[in-house]
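Please open the model in your viewer and keep the selection panel at hand. The tour below moves from one selection to the next and says what to look for at each stop.

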Amino acid sequence: MSAEGRRLYWLIQWRRNDGLGALFLVLAAFVVLYAVLFPGIFAVGALAKFVQGWFPTAMVAAAQTIVMLTGGIDLSVGPMVSLGSVVAASTMQGPLGIFGGVLAVLALGACVGAITGSFVAIGRYPAIIVTLALSFVLRGVALLILPRPGGFVPPSLSEFLAGSHPTAAFLLVLFVILWKLYQATPLGIGLIAVGDNAEGAYRSGVNVTAVRLTAYILSGVLVSLTGLYVAAQTGSGDPVIGEPMTLAAIAAAVLGGVGFLGGQGTMRGALAGSLLMSVLINVMFFMGLPLVAQYVVQGLIIVCTVSLPLLRSTWQRAS
Amino acid sequence: MSSRQAILEARNVSKAFFGNQALRNVSIELIPGRIHALLGENGAGKSTLINLLSGALTPDSGEILVDGQAVTLAPRDAHRLGVAVVQQELSLAPHLSIAENIGLGAYPRRWGLVDYGRLAALVEEIGGQLGLIESRDTPVNRLPTGRRQVVEIAKALAIKPRVLILDEPTSSLAAPDVAMLMSLIRRLRGESVAILYISHRLNEIIDFCDYVTVLKDGAVTADRALVGLDPSGLVRLMVGRDPQNLFPHYAPQFAEDLVLEATNFRSGGATGVDFRLRRGELLGIGGLVGHGQEDFMLGLYAAAPAKADHFWARGGDGSVRTAPFAGVTEANMSGVAYVPADRRKEGLFLPHSIDFNLLLPSFARHAAERRQSAKEQGITEALARRLNIRGDRRRPVQVLSGGNQQKVVVSKWLPLEPSVLLLNDPTRGVDVETKREIYVALRAMAAEGKAVVLLSTDTPELVHLCDRVMVFHKGRIAATLDHAEASEEAIVAAAMGLSNAHAREGATV
């Protein structure tokens, strides 16, 4: 790429930080607070554990962001995580072992994503309805396959993904690189164009259907793989383990500046949002608040971050 | 020149929406090296024709031909074949940068990734031609409207078009950009690009177009070289009839007593309006789109916050107010009613019945009472008879044609006996026959002593129907013209900010 091209690319990328400054500041403040409360965090082992705790939230927030950028939303994230963990735990004892399990989970995510995407992109059904309905289906299927937590995840896989190695951190870096590459394809830029102005994008020659369909497939794969990761963490499949993650994914994305109307937001914002939530939950834990308080906090976060820009514009108009 | 093969051609295309025939058997040929003007009043079918030519819509009948071959187009195919459109409604993605928008839909690629090097070069080349000085990484939502239009034009040029369709490209451009665009279009003509140019600025068209197609009510009324035509000749082709026949005989009925008066009335883009309104008066409001007229109407109706140095209004019940209304309900209670421009979104509940839509304002007035179906039927029956709304009124209002929908929006207010009726462009996209019916109805309301304020983008309406016309320019009244003084020339001149004499007069009225 020419120097001019590199310059243009990085300038555009830098511009996307606009409006994220406050989030990064708050995040930095909480990380400092966390480090003060728990000074051991910067040891390699503790850091690896922390990243493992954050990783599933980061991945579902990323998946939610991809869909929200196109102007959609995915309410089936949580049940999909559960189903991913159940499928992983019930296929890995098969003849193909870990490889077969990963393949099954990948296929699950891609198929469910393709089905959701077809309804939304081709059938033009509202994403909120399709994914709400789908969440019931996925929840049911997960319980049919594995009525109670169980199944089998090879300890070697658990040790590799969620043991003392910083695998989760490497996976996160890998994801960010892949995402950067995708964002440099016409389909990736199309995510924002379609969410911003679908009619205009269509008239400009963007394949709106392909953009939306791909978004749901990618998102489905990310979420089902998160299910596999969670199964590795717990060492078994659990048909309800993903339940809180639908809300967590939306909260993290919105906290990261991803808009409900589409076209607005960045992956870095969503990842920062999920990290902030993760840190918050840890801080609350150290302060002795009950674990269920995180639900209250997640809800409050959504309300506050959505209403803040509204309040600000009201003030600006009044002054 | 006409011996050359057309690059893009529509042959006998027709298109209808919800039973409204937007285009009837229209043919048009776009020939390389020719600037082709497309003219027509609002609602004549220009936008529909552009959408057919660019593949955004498919015709009900007839064909679209590229290089003589019949094709079925989607916008992506049209792009590949070199057809670029600069839409009036921007096709930009506000959160993407200028560069990403210019390349959108046709990014230069390498190994599947966007080639930012070639994109930068392309943006540099085209941006240079158009005087696009903004940094290429600026998100489009940071630009003012006029500059967005420049980006839109750059985006169309980025596909190196063989056919360039421009839908009112100059309406939001600043003067230097207009000159730049003109010279660019001339250069493209030299490079054998076929250009279709839509504009309401007749002088622009006379200046630099070669050929004209005129649409009226969805049909072609002229398709000829521009040589030998002057602006009034063009107007005759567009109107195609003596405008007098469309309007009821002018007979003023206004009284001397005021119903509304304000000085330095401010609301949004209306930055200082002095006006008064008499009982039985039909007051026209003109001006180019976006000069504060609409904000003025919304402010009067209290749908937007408004302030005034002096305000005086007499309600239908004789009560007097000395401050602008605090809310829409209050405006309604004082006898002010508003008919919005976008009837489908703001004026109607499309899936609900005609009856329901007609009754809605009355529900608000009688909120505490039980509904009585016999009484309701009586009300809607009378309204339908009065404005000639035919057919079963239990049908959803969306089955009606645009004109009949408009009649529903206007007549629903009548049971409240408003003393001031504000109408925002009520005849936009309405067929000629319904226009006439609406004119007659407005005159009849004035005759009953209601004050009618008619904001219109259709200048003949202002000239022939109204007792008085206030012309807006930059948020203020540039001229107030009596019926005798009002002419299309005077109104257009004032709207462009040309008439100083009238501006002084306007300030004192």
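What follows is a walk through a predicted model, taken in four stops.

**The sheet in chain B**

Begin with chain B and select the strands E6, E9, E10, E3, E11 and E12, which in that order form an open sheet of 6 strands with mixed pairing. At its edges you will find strand E6 (83-86) and strand E12 (219-225) of chain B, each of which pairs on one side only. Neighbouring strands of this sheet are turned against each other by 15° on average, with direction ignored.

Now add helix H1 (residues 46-53) of chain B, which packs on the sheet and touches strand E3 (35-40), E6, E9, strand E10 (194-198) and strand E11 (211-216) of chain B, its direction making about 155° with that of E9(B). Helix H5 (residues 145-158) of chain B also packs on the sheet, where it touches E6 and E9 of chain B and makes about 175° with the direction of E6(B). To see how those two strands are joined, zoom in on E6(B) and strand E9 (residues 163-167) of chain B, which run parallel and are linked by 4 bridges; Ala84(B) stands there opposite Leu164(B) in E9(B).

**The domains of chain B**

Next, colour chain B by its domain assignment, which gives domain 1 (8-240), domain 2 (245-335 + 417-508) and domain 3 (353-415). The C-alpha centres of domain 2 and domain 3 of chain B lie 25 Å apart, and 11 residues of domain 2 are in contact with 10 residues of domain 3. Which helix gives the most to the side of domain 2 of chain B that touches domain 3 of chain B? Select helix H15 (residues 432-447) of chain B, which supplies 4 residues. By class, the residues on that side of domain 2 divide into 6 nonpolar, 3 polar and 2 charged.

**A helix pair in chain A**

Move to chain A and show helix H5 (residues 97-122) with helix H11 (residues 208-234), whose axes come within 7 Å and cross at roughly 145°. The crossing of H5(A) with H11(A) is right-handed, and their contact has 17 nonpolar, 10 polar and 1 charged residues.

**Where the chains meet**

Finally, display both chains together and select their contact, which takes 33 residues from chain B and 28 residues from chain A. On the side of chain B, the elements giving two or more residues are helix H2 (75-80), helix H3 (98-103), strand E8 (113-114) and helix H4 (116-130), with the largest share, 5 residues, coming from H4(B). Coloured by class, this side of chain B divides into 19 nonpolar, 8 polar and 6 charged residues.

Definitions and conventions: Residues numbered from 1 in each chain as written. Chains lettered and ligands numbered in written order. Predicted model: local features only at pLDDT ≥ 70, side-chain atom pairs only at ≥ 80, totals over all residues. Pairing = 2+ DSSP bridges. Axes fitted to C-alpha atoms, helices over the stretch in contact; angles between N-to-C directions. Contact = placed C-beta atoms within 7 Å. Domains from an automatic or database assignment. Nonpolar A, V, L, I, M, F, W, Y, C, P; charged D, E, K, R; others polar. Left-handed = near helix turned anticlockwise from the far one by under 90°.
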